[in-house]
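Dear colleague,

I am passing on the structure below, and I would be glad if you could read it alongside the notes that follow.

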Amino acid sequence: MESRAINFGAGPSALPTSVLQEVTKGLLNFNGTGIGIAEISHRSKEFTTYLQGVEHNIRKLLDVQPTHSILFTQGGGSTQFSAVVLNMLARHRLLHPELKDEDRVLDYVVTGSWSKKAAEEARRMGGSVNIAADSRKSSKDKKAFDNIPTADAYSFSKDPALIYYCANETVDGVEFSPDETSPASFPFHLLPKDALLPLVGDHSSSFMSRPIPHLSDHAIIYAGAQKNLGPAGLTILIVRNDCIVDVDAAARLGAIPVPICLSYKTLADHNSLYNTPPVLSIYVTGLVLEHMVQLGGLDYYAGLTNRKAKKIYDALKDGETKGVFKSKVKEGSGSQMNVVFDVLGEGMLGKFIAGAEERAMKGLKGHRSVGGVRVSIYNAVTEQETDQLIAYMEQFAERHEAHKE
Ligand code: PMP
């Protein structure tokens with residue numbers, strides 16, 4: 001146990017130690033069955049009961065109403081880039097069979113690398129994509145995802161098949177949330193007041209770190225488990241019931257046929273057990289959710305995340321005034337989960353990372369496409385561990401400012 005490092009990785013990321021200890025027991029003997037969790041049938045009574053408990057805790061923690069179904073699948077966020085397009089195009093076809101294909105528009109808000117990828121996939125699948133906003137347009141070099149578009153930058157289509165955004169882009173460290181009190185807010189006021197808004201949110205990067213504002217206004221919210229909840233392999237979907245449609249009926253009207261395991265109807269009709277689910281990942285996720293409920297739910301984690309993020313941003317600011325660090329995103333657009341910054345000066349980034357490794361702090365190297373440092377402070381990274389990083393940042397800034405003089 002003493003040899004565990006502090007893991008600031010962006011995903012897969014840290015999980016609570018007490019949960020991991022519990023997992024080792026379940027690997028040998030799942031809930032008194034005498035069979036390990038990786039060995040038991042997914043159709044056993046014990047496992048199906050467990051799965052219902054996982055759903056129950058997600059509903060409870062996020063306050064998901066019966067208007068929405070919770071579905072479990074595989075394939076990660078990247079598979080949902082395609083699945084949301086196919087399911088929402090099928091829905092649109094059933095709602096408006098008379099429309100020409102080019103008039104079935106998919107609106108994408110592009111604020112970082114993941115939403116950019118999602119929009120590219122929609123286009124690949126033959127969708128008629130409208131970029132409703134692109135934050136690169138307001139960056140200095142017109143290339144960086146370093147800001148959130150202002151309200152006047154949006155142009156939404158009339159009656160699109162979907163409106164897509166990505167909350168809190170991990171790679172770029174840009175915060176973007178449907179929270180209207182935040183400066184980095186999704187512009188809900190610009191959308192039509194429609195009870196069946198086709199709003200799709202990729203919440204992979206901040207899922208279960210805080211409540212999701214306007215959750216009930218969403219058609220689909222999805223996230224991989226591997227940030228706050230468990231091992232990779234499990235993808236969680238929250239789908240409004242009117243978006244679970246008969247994709248085969250839509251295909252008969254000309255919609256793109258939907259692969260059986262990507263159809264939300266398949267998942268819903270079989271209680272997410274059409275095929276073998278990622279049993280181990282579901283097990284760990286279930287234990288983490290229990291742990292979260294016990295500690296006080298999402299309000300507890302939202303408070304914890306705020307405190308951790310504020311302290312890191314303060315240390316970053318201090319390092320900026322010393323000319324040692326430089327934030328990668330504009331003030332007010334910074335993410336609470338993933339703080340990204342540069343270490344200024346030749347070779348200084350390597351020095352910073354090496355010094356962190358010596359202190360058993362890992363996973364700080366920025367994404368390969370963005371560089372610099374990326375600090376991910378998912379739920380299981382404790383405040384005390386965050387304080388150790390901050391002490392190191394302060395020490396580093398102090399030392400290297402002095403060298404300049
Ligand atoms: N969306 C976001 C916001 C992400 O952060 C990630 C992964 N880090 C993905 C999508 C892709 O997820 P996956 O690797 O599970 O396909």
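In this predicted model, both faces of strand S7 are covered: Ile220, Tyr222 and Gly224 are buried on one side, and Ile221 and Ala223 are buried on the other. The strand spans residues 220-224, and five of its five residues are buried.

The neighbours of S7 in the pairing are worth following in the viewer. Strand S6, which covers residues 199-202, pairs with S7 in the parallel sense over three bridges, and within this pairing Val200 stands opposite Ile220. Strand S8, made of residues 235-240, is joined to S7 by five bridges and runs antiparallel to it; here Tyr222 of S7 has Leu237 of S8 standing opposite.

Next, the ligand. Its surroundings consist of Gly76, Gly77, Ser78, Phe81, Trp114, Cys166, Thr170, Asp202, Ser204, Gln226 and Lys227. Sorted by class, this shell holds three nonpolar, six polar and two charged residues, and helix H3, which runs over residues 76-95, supplies its largest share, namely four residues.

Three side chains come up when one looks at the polar atoms of the ligand. An N or O atom in the side chain of Ser78 lies 2.6 Å from an oxygen atom of the ligand, and an N or O atom in the side chain of Gln226 lies 2.9 Å from an oxygen atom of the ligand. For Lys227, the partner is a nitrogen atom of the ligand, which is 2.7 Å from a polar atom of the lysine side chain. Taken on its own, the ligand has 400 Å² of accessible area, and the protein covers 83% of it.

Finally, there is an open sheet of three strands, in the order S9-S10-S12, whose pairing is antiparallel. Strand S9 (325-327) and strand S12 (373-376) stand at its edges, and because each has a single partner strand, one side of each is left without a neighbour in the sheet. From one strand to the next, the twist averages 35°. Between strand S10, which comprises residues 338-343, and S12, the antiparallel pairing extends over four bridges, and one of the residues to look at there is Asn338, whose bridge partner in S12 is Ser376.

If you go through the model yourself, I would suggest taking S7 and its partners before the ligand, and leaving the sheet of S9, S10 and S12 until the end.

With best wishes

Conventions: Residues are numbered from 1 along each chain as its sequence is written. This is a predicted model: local features need pLDDT of at least 70, side-chain atom pairs count only at pLDDT 80 or more; totals for chains, interfaces and linings use all residues. Side-chain values use heavy atoms; hydrogens and water are left out. Buried means under 20% relative accessible area, exposed over 50%, partly exposed in between (1.4 Å probe, protein chains only). Helices (H or I, at least four residues) and strands (E, at least two) are DSSP runs, numbered from the N terminus. Two strands pair if DSSP finds at least two bridges between them. A residue is near a molecule or strand if one of its heavy atoms lies within 4 Å of it. A polar contact is a pair of N or O atoms within 3.5 Å; within protein, one must be able to donate a hydrogen and the other to accept it, and residues adjacent in sequence count only if both atoms are side-chain atoms. Accessible areas come from the Shrake-Rupley method with a 1.4 Å probe; for residues, only the protein chains shown count as cover. Ala, Val, Leu, Ile, Met, Phe, Trp, Tyr, Cys and Pro count as nonpolar, Asp, Glu, Lys and Arg as charged, and the others, Gly among them, as polar. Axes are lines fitted to C-alpha atoms, for helices over the stretch in contact, and angles run from 0 to 180 degrees between N-to-C directions.
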